[in-house]
Every structure is written in structure tokens, then in C-alpha cells.
Amino acid sequence: MSADTNEGQERKFKRIGTRPIRHDGLDKVTGRARFGADYALPGMLHGVMVRSPYAHARILSIDISQAEKVPGVRAVVTRDDFPDVPIGWIPAGSTGVDLGANARTVMAREKVLFHGHAFAAVAATTELAAREAGKLIKVEWEVLTPVLSLEQALAKDAPILHEGQETKGDHPTPEGDSNIANQVCFEGGDIAAGFEEADVIVEGHFETPMVHQGYIEPHACLANVREDGTCEVWCPTQGAFGVKGEVASIAGIEPSLVKVTPTEIGGGFGGKIPVYIEPVAVVLSRKAARPVKITMSREEVFRGSGPTSGSRMWARIGAKSDGTFVAVETKFDFEAGAFRGSPVGAACMTVFSPYNCENFRIFGRDIVLNKPRVAAYRAPGAPIGAFAAESLIDELAMKLDRNPIDLRIQNAVAEGDRAKYGPRFGTIGFKEVLEATRSHPHYKAELGPNQGRGVAAGFWFNAGMQSSATVSVNDDGSAVVRTGNPDIGGSRASMALMCAEELGVDVARVRPLVGDTDSVGYCDPTGGSRVTYATGMAVIEATRQVVDHLRARAATIWDIELDAVEWQDGNAVAINGSAEKGSMSLEDIARKMRLTGGPIVSSASVNPPAAGPGFGVHVCDLEVDPETGVSKVIRYTVVQDAGKAIHPTYVEGQYQGGAAQGIGWALNEEYLWDAEGKVENAGFLDYRIPVASDLPMIDTVIVEVANPLHPYGVRGVGETPIVPPLGAVANAMRHATGIRFHRLPMSPPRVLDALDSDGASS
Amino acid sequence: MTLETSRFESPTDVEGAVALLAAEGGAKVLSGGTDLLVQMRLGAGAPQVFVDVKRIPRLMAVRLGSEGLTIGASVPAAEIFENESIRSLWPGVAEATDLIGSTQVQGRATWSGNLCNASPAADSVPALMACGAVAVIAGPSGERRVSVDAFIKGPGKTVLRRGELVVEFEIPAPPPRSADAYLRLIPRTEMDIAVVGAGVQVELDDGGAIASARVVLGAVAPTALFVEAAASALIGSRLEDAALDAAAAASRAAATPIDDRRGTIAYRKKIAGVLTTRAAKIAFERAQAR
Ligand SMILES: Cc1cc2nc3c(=O)[nH]c(=O)nc-3n(C[C@H](O)[C@H](O)[C@H](O)COP(=O)(O)OP(=O)(O)OC[C@H]3O[C@@H](n4cnc5c(N)ncnc54)[C@H](O)[C@@H]3O)c2cc1C
């Protein structure tokens, strides 16, 4: 759809912007909604993954003979049951894909690369028998020294995770095999001259830990390979088509034989884009000739799925005394985990892109080590980089004695300015968001003793990508809208709203569905904040085609020209010379469908190359107990540009959810490792995501600067909200305690330690 | 032993429970199950027999008289906290009970489970010790009474012998002008295990000074700990700064915590001091108000 169809600014919406009850709400609040683990088939076996006791070891041999003898066991699989997919990076967009690495993440081949890495799986009539059998699998290991920190990974004589892995990417790369998988660098202007010109320079070293997405639903799947070789998979996933492709490639099946049905999904945040168990369930089912279900425990989720990178960062900003940025520079090292693919590239692209600055050098390295392989996590990489950048901007504001929002407005990008990674921004709402924050009552409220206020901004590209939608009209005039995007954040309600707006009917008359891979056109995953934007576009387009059909049917019934029929709020209205025909409702036309040409169904597919970027600013008030180091977020406000909020409640939900996750990341979340690389806190008791009582009601402000790329002006909103909180909380901590924390999380023992050492340990 | 091969029994009197526990070494009392079942899921294995004691009327009874409180061992935390008399007489015990887990967990969790699980971090235990609570134990050779402070022998170890179970708790009526308080520190606001817990009980003399005191720390030693030196520091004072500082120092000195994923040694020692003074102030104010 082209920009000239945009009505975001002018159009008066009737249903867009209302807050109907979500269509899936009743089933969810009554516990009837069926999530991954709720699926079962007759004769189903229980599959379990068998996981590595070492963080780094070569598999010399595997003997499954004893395991196969356990009563009830129907299949034991190892690397030998999977095709050997070669390792190799295939660039795709801003990242890429390595099918061989994906296969090895699911089932170890030459080596296990992290503690908990699956190297076998068992299917049996009971889960217990499968677990017992798992213990009887004999492996001859050559235990290798694990690489457990960035320092160790970069050391001269470091053990190499992947023999033959040479550093790819920008700028002088090390010679020979290396744990540095990739380097990225964005440069502009003259960095040395820029810092030369600066009146003030702020700089710092920062560290963030590896953290998990922490979705509430553990991974689960049910697979059934039938006699004819066709294969069905049910699983909670962000993208059923992605699962289909991965299952085909990793299990070695023709893609055309695989059908994937996405179940209801309890959170993903990027962590349910990759597959962990689906190809294994398929291979077990193929071997046992029975359906197989695998359900991961929470402990397995922590050890074997997710997370996002830990990081070590250095950054500096040079500015004129009037606050103008003249040079920015970073060196980022990101943990990729077992295989290349940390989000360091996105971190580099986003980190200083909200601000104009001609001289820049943004450098980052993607480093492998013996920890779980990272997966996407909500705006991958951006929160980490923003923690460094937004902390430094806060320092700069203090040095220059400037209001931190004014300083940001002074340097903020606007339409036509260039992002550090190249392209120019289109219509964006960064300044509007900053201004809305400055005038918000929260920003002006008084603070009490031991309280501090932090502000930080964040930016995320948002994605377009491929989406399809099908809209069909029922003979009672109601409609069904079907897409292939699993609904994680209320998107079904938004799809129904967009369809209802175009049709001009009550949203309750539109039933939104998420289809399986055989029943809808291709859809890229629910990710990249793209569904309401791109899939929404497909829904609008398909519905407009349906409206054209409806007009044509009315024209047929009235026996007038199509041009003489307009669609007005759910009715065909005859115009021009035919006005005397009056109008005909959608119901009337639908009732006569069989007489006027049969069913009305339309599909549309889109592949927008770009989306509208999202900018957000957060304000955090933190109170710190100076005797215990315990901090509490007492007030928090998220201000963000949504372009156009289709269903404001779910826009607010995204703002609040991202803030909550970011606050957890800032204050308490971290993996704790023992000396051998085993996660010590593989559960929610000691991996501390915030609980409801930890947070205040998070206030939200929806700014709407219409996105010209979308017919209603929509921008994705799902990821931007997790970008600012790390900086916002750290800045609040700085103002509450006088101490600048460079290392996350700012957990009570660390805060007290820093307070008692006057910041020496921060 | 696995769940599939375990047996489930729910006796309706104490004798029945004792008989089951005495007959089978692999029998375990099931009270609220919020420790037992969780540990089982984490791989501790299921007992041969679950002896669910919640059908025994005596273990679910609450009797409050001039002597004090006699309360069944399996009365759930929620019921205890919702009992206004208990809350006003032993506010510290009540608040410790209310800290266990969450609303859902408290619908099940019990004092006997908290005590018999013998975790150094149990929240109700320091509060019960500060009030001089006693556990009544029934077994094959009759009943015996063991004060809560002598009940736990070490992490996971108690004085219970084969065939024995806790049937009720007794808490003596608080002396006039006395009160208790309990505080704990966790990084979050709920659903967490104490990094440090502190229970304090004080009794005032006619002049309003502290006549007697008990200070108990949790999570800083293998078992909950009476800190005599901290209590002595408080006695005779009206919580002047010097007395509070001395009490805090005594608690820091008495604490012998470990470094683990919930806190470092240094942090726990500092917090032991902070919570001692804070709990003492609350108990003192409450006693003054009586
Ligand atoms: C999510 C969650 C949060 C928690 N938070 C806290 C917290 O904040 N603070 C805290 O202190 N604890 C906490 N706990 C631990 C637990 O809830 C408490 O220890 C609770 O008091 C245990 O009581 P229960 O009745 O459920 O014990 P059970 O699990 O029934 O029993 C525990 C042990 O005691 C034995 N036992 C129980 N009753 C008797 C008896 N009458 N005689 C002899 N032996 C007996 C059992 O055999 C078992 O070994 C938490 C647990 C969970 C799951």
C-alpha cells in the first residue's frame, strides 16, 4: 500500500481507538484457553530431553543400548537420528541465520557447548520411564575447559569453541580461529577531531548480565508423524511458519509434509521464535510411530532456552558547552552464548541513533562462550546499549547543569536526520515524546528523602516483513478474519478492530482467528513489533477487497454501475443518479450472497520493506533504603509514540510490560553461575523478575504521530518500551544515592556495598 | 520412590497418624505441602506414604484463653493471620506468618511445616521463638513438649523421632506492657526467601524502660539464633541510640551466615544489625501502646 492511501492524520475513526474486550479473554480468565502443554493425542508418548552435565565437552561416543531396554521406552534419539546440517552463516536482513547452528542448538553434534545442552532425547509411555532411561545413556566425554566470561573468551590462549571459526565483519579482525564471531562498526565524520572540539567529555565502562525473557509458559509441543510421512506439530510459538521450516531442516523432512498449529502462547518476547524441542519431538515420533509430547520444566527453560546477552561496554560522548553532541564512540562486547548471533549489531545501530552527532565510531563484537545460545529478547540489544548511552547523557546533563530532557531535545533526531547506521528517518515522534514527558505532572512532582528521579529515552526500528490475511463474510453479515500471527499481546482484538473499521460493523461481529500453516498465507513471526503494523495492513487490504465485493453485489442487485455504490459505515449506499435506490446493509447483502455470485472471501499479502520507528521516554522515581540497599520504584511513567493506537489498552499493556521487564533487568535479574558454568538459579525463586507488588501502577502516555507507511498511521509498540528502563532506573539510582552504577543489576547487596564504599564498588 | 508408587493416607485422629508414622520408615507428614511437594518436584523423591494430617480435628483447632494460645499444627497461615485476636496479641508472629509466600501459598502453608522443614530462613520460627512458643509432640510413647528454640537441630534436622509429629503449638499469653515484632529482608516484596529475619519481643517495666527482651535472628546461622547480647543491650534502655547501636553490633557479631545466591556474608551481617534495631523499635512502640 502506498503512502498516498494514508489517512492516519485526517480520518475520523469509529472503532479504532476503542477498547473492546478481547475475543480470547473469556477463555483465558476461565482457564479454558489451551496452551502448549494442554494438547494430547491418543497413544501419546512422553518425551524428555537429556542434557549435558558439562559446559564444554566433546562427545566421543554415545551408547543408548541400556536406555532402550527400560520398560516403556519406545524411542531414544541422538545426533545420529538427525541429518548433519552444515554450519554456515546465511546473512538475512540486519542479522542472519545459521541452520547448522540451529540444528546443533537443538541436538548437540560434535560437542556440548553449555551446561544443559541437549545431546539425546527419550520417548516412553511415562515421563518417569523416559527420565530413568535418560540416566542410562552412556556418553564418552572429552571434557574441555569451559569459556565462561568475555575475558576468558578473548584471552590469547583461550579454548576455541568452534574450530575453524574466523572472525567475520568489519575492521581489523584477529587472525585464525577466534571466539570473536563477528565485528561491526559504524563510522561517520572525524572521531578524533570531534573529541578535540568537545568542551566536555563523559565516558564510562558498563556491564550487564545475561538475562532471560522470563515468559510465563515453558516451551511445550506435541508432534505426530504419520505413516504417510506427513507430520503435525502443535506448539506455542511466535511463528508457526518458522517452526515448520526449522522442523523440516533439523529433522530432515520435506517442508510440504509439515503442518504446524500454533497454540495459545504464554509470552515469548523473542524467546519463542527459535525451536528447542519441536524437531526432537518429530524425530522421536517418527522413530516410535506414536505421537510424542515434550514439555520443558522451568529449570530446563532457564538452562536451555533464551536468554539475551551479557555485555561489557565502553562508551563516551563529547559535547560543546552549549550541550551539542560533537562526538560519540562505543566499544561493545556481547556474549553470544554457544553460537554466533548476539544482538550486538542492533545495539550498535540503535545506541546513538536517537541523537544527532556527525562524528561517531560505534564498534561492537559478537563473542561466543560456553553459555546458553542467546535468542531474541524484545528490542534485542537496544536496552543494553541504551543503558550505557542514557547513563552518560545523564552525566553530561549534570556536568553542564542542564535539564536532562532539554539536553535530549536539543540533540534529538527529527524527520530527515540520518541514523548512525545509514538511512534517514521518516516521520518520527521523538521530540513530541520528549516534550510530552517534560510537561507530564510526574516530571514536575516533588520528591521525598532518599528518592531520585531518572529519565531515559529509547528507540527501536520496528519491522515490516511478510504477512497475509483472509477475510470472509458469513451469511448473517458477520465476518471472520484469519491471519498466521500468534496473538501474544492482544493482536486478535486489533485485527478485528481494523476489519470492523473497514466493514463498518461492530467489532463483536468480527471473529479473529490465528490459523495453522496449512490454512493461511505465509506470515513472518510475531516479533519485531510488526503484527499490528504489517499484518494489520494485510487485514485492511483484504477487508477493502471484501468491501469492493460487497459494493459489486449491491450494484448487481440494484442493477447499477459499481461506481454508483459507496460503502458507508456498514451499508452500500447508491449515489449519483442512482440515489433513489437507497441503501442496503451488510446483512442484506450477505443474506443474498448465494444468489449474487456465492461466498465473499478475500485475501491479501504484504511485504513492507520498512516500518515506522518507535521512540519512548521513561521517567522513574526510585526510593532507596540507605541502610539496606533495597530500592523501590515508587512512580513510573512511559511516554511513547504509537503512531495510532488501534486498541489503546494493549498499547498500554506493551508499555507497562516492557517497563516491568526492564525494571527487573535493572534491579535484580541475573544468571548466577558456578565455577563449571552451571546456572545456579534456574527458577523464579532466585532468578528475580519483579512480582506485582514490586511495581507501582505504571502510568502511560500514548503520543500519536501518524506513521505515513501505514494506512491508519500505526507504528509497532512492542519493543521500544524495554529500551529506556535500564537507563531510567540507573539514573534514578544516581539521583537518589549520588552514585553512578555502571553494572547491573543494582541488587540490594551491591547498592549497600556501593553506599558503604562511597561508590567505589559501583 | 516415585509418586506412582506412593500411598496417601488421611487419618482422622492423632493415634492413627502416629501408628502410620511409626509403622513405616518412609512415611512423611503432609501438612500444607508447600515445602514437601515442591521439594519432591525438585527431585527429592516422594515418601512411601503421605500422612495427610489435616483431617485430624486437633491439628486444625484454635483455642485462645487467659493462659494463651493453643493452636493445631496444621492451621493454615491465612487463618492465623486473619484471626484478629492472634494479630493483636502477637503482632510479630502474625506478621511473620503473613510473610510466608503469597496469598495462595498461605492458604496452605502451616507453622508445623515451616518448623519441621527446619530451614534456617523460615519466617515463623524466629517470631515464635521470640514469644516463647512451645511445640506439643505426639509419638508412640505419648506426648512431650519442646520449646520451639530447642526443636531444630540444624538445617533439615529436628528433635522428632520416628513415629512422632507436632500436634499443636502453645504460646503463653503476653505479659502486660509487652509486644513483639518481626521483620525480614528480601530483594523483592514477596515470593522470596529471607536474606535475614529478625524477631524481637520486649517487656517494659513500670517506668517504661525495657525490663526483658528476646532477640532472634533467622537466616544467618544453621538455625534461628537467640542473640543474648543484643537482648542484654536493650534491657534497661528506652532504645536510646547507644542501646540500639550495641544491640545491632551484638547481632552483627552473633550472625554466622554463609555466602549464597541470596546474599553475601558481609551483607547479611550488616542487615542483621539493621533489622534488629528496626524490629526492636516496632516492638517497643507496640509495648508502649499497651
Ligand atoms: C512459593 C513459595 C514461597 C514460600 N515463601 C516462604 C516464605 O516467604 N517464608 C517461609 O518461611 N517459607 C516460605 N515457603 C516455604 C513453605 O511455604 C513454608 O515453610 C511453610 O510454612 C511450610 O508449611 P507446610 O504446611 O506447607 O509444610 P509441608 O510441606 O506440609 O511440610 C514440610 C515438612 O514438615 C513436615 N511436617 C509438616 N507438618 C508436620 C507435623 N505436624 N509434624 C511433623 N512433621 C511435619 C513434613 O513432613 C515436611 O517434611 C514458601 C514456599 C513456596 C512454595
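The following exchange between a trainee and a mentor concerns a predicted model with chains A and B and a ligand.

Trainee: How many residues surround the ligand, and which of them are the closest?

Mentor: The shell around the ligand divides by class into 15 nonpolar, ten polar and five charged residues. In number, 30 residues surround the ligand, and the closest are B:Val29, B:Thr34, B:Asp35, B:Thr110 and B:Asp123.

Trainee: Which element of chain B gives the largest share of the shell around the ligand?

Mentor: Several elements of chain B each supply at least two residues of that shell, namely strand 2 (27-30), helix 2 (36-44), helix 8 (111-116) and strand 10 (165-172). With four residues, the largest share comes from helix 8 of chain B.

Trainee: Which side chain has an N or O atom 2.6 Å from an oxygen atom of the ligand?

Mentor: The backbone should be set apart here, since a backbone N or O atom of B:Asp192 lies 3.2 Å from an oxygen atom of the ligand. Among side chains, a polar atom of B:Ser112 is 3.1 Å from a nitrogen atom of the ligand, whereas the contact at 2.6 Å, to an oxygen atom of the ligand, belongs to the side chain of B:Thr110.

Trainee: In strand 10 of chain B, what is the bridge partner of B:Gly72?

Mentor: Strand 10 of chain B, which supplies at least two residues of the ligand shell, pairs in the antiparallel sense with strand 5 of chain B over five bridges. Within that pairing, the residue of strand 10 that is bridged to B:Gly72 is B:Glu168.

Trainee: Why is strand 5 of chain B described as largely enclosed by the rest of the structure?

Mentor: Strand 5 of chain B also pairs in the antiparallel sense with strand 4 (residues 62-65) over four bridges, with B:Leu64 and B:Leu69 as bridge partners, and a hairpin of two residues joins these strands. The description itself rests on burial, because the buried residues of strand 5 (residues 68-72) number five of the five.

Trainee: In strand 18 of chain A, what is the bridge partner of A:Asn182?

Mentor: A:Asn182 belongs to strand 10 of chain A, where A:Lys168 stands opposite A:Asn182; strand 9 (residues 168-169) and strand 10 of chain A run parallel and are joined by two bridges. Strand 10 (residues 180-188) is mostly covered, with seven of its nine residues buried. Its pairing with strand 18 (residues 359-368) of chain A is antiparallel and extends over eight bridges, and there the partner of A:Asn182 is A:Asp366.

Trainee: At the start of helix 3 of chain A, which backbone nitrogen does a side-chain oxygen of A:Asp98 reach?

Mentor: Helix 3 (residues 99-106) of chain A is largely enclosed by the rest of the structure, because seven of its eight residues are buried. The buried residues include A:Gly100, A:Arg104 and A:Val106. At the start of the helix, the side-chain oxygen of A:Asp98 comes to within 3.1 Å of the backbone nitrogen of A:Gly100.

Trainee: Is A:Ser494 buried or exposed?

Mentor: A:Ser494 lies in helix 15 (residues 491-503) of chain A and, leaving aside residues up to four places away in sequence, touches A:Thr532, A:Ile646 and A:His647. Because its relative accessible area is 5%, and the cut-off lies at under 20%, A:Ser494 is buried.

Trainee: What is omega for the cis peptide bond that joins A:Gly306 and A:Pro307?

Mentor: Most residues other than glycine have a negative phi, and most peptide bonds are trans. A:Pro307 is found in the loop between helix 9 (298-304) and strand 16 (311-319) of chain A. The bond from A:Leu744 to A:Pro745 is also cis, with omega near -5°, while for A:Gly306 and A:Pro307 omega is about -25°.

Trainee: What is the relative accessible area of B:Leu239, a residue with phi near 60°?

Mentor: A positive phi in a residue other than glycine occurs at A:Met465, near 70°, and at B:Leu239. A:Met465, in the loop between strand 19 (451-460) and strand 20 (467-473) of chain A, is partly exposed, with a relative accessible area of 34%. B:Leu239, in the loop between helix 11 (228-234) and helix 12 (241-254) of chain B, is instead buried, with a relative accessible area of 11%.

Conventions
Residues numbered from 1 in each chain as written. Chains lettered and ligands numbered in written order. Predicted model: local features only at pLDDT ≥ 70, side-chain atom pairs only at ≥ 80, totals over all residues. Heavy atoms only, no water. Near = heavy atom within 4 Å. Polar contact = N/O pair within 3.5 Å; in protein donor to acceptor, adjacent residues only side chain to side chain. Nonpolar A, V, L, I, M, F, W, Y, C, P; charged D, E, K, R; others polar. Buried < 20%, exposed > 50% of the residue type's maximum accessible area, 1.4 Å probe, protein only. Contact = heavy atoms within 4.5 Å. Pairing = 2+ DSSP bridges.
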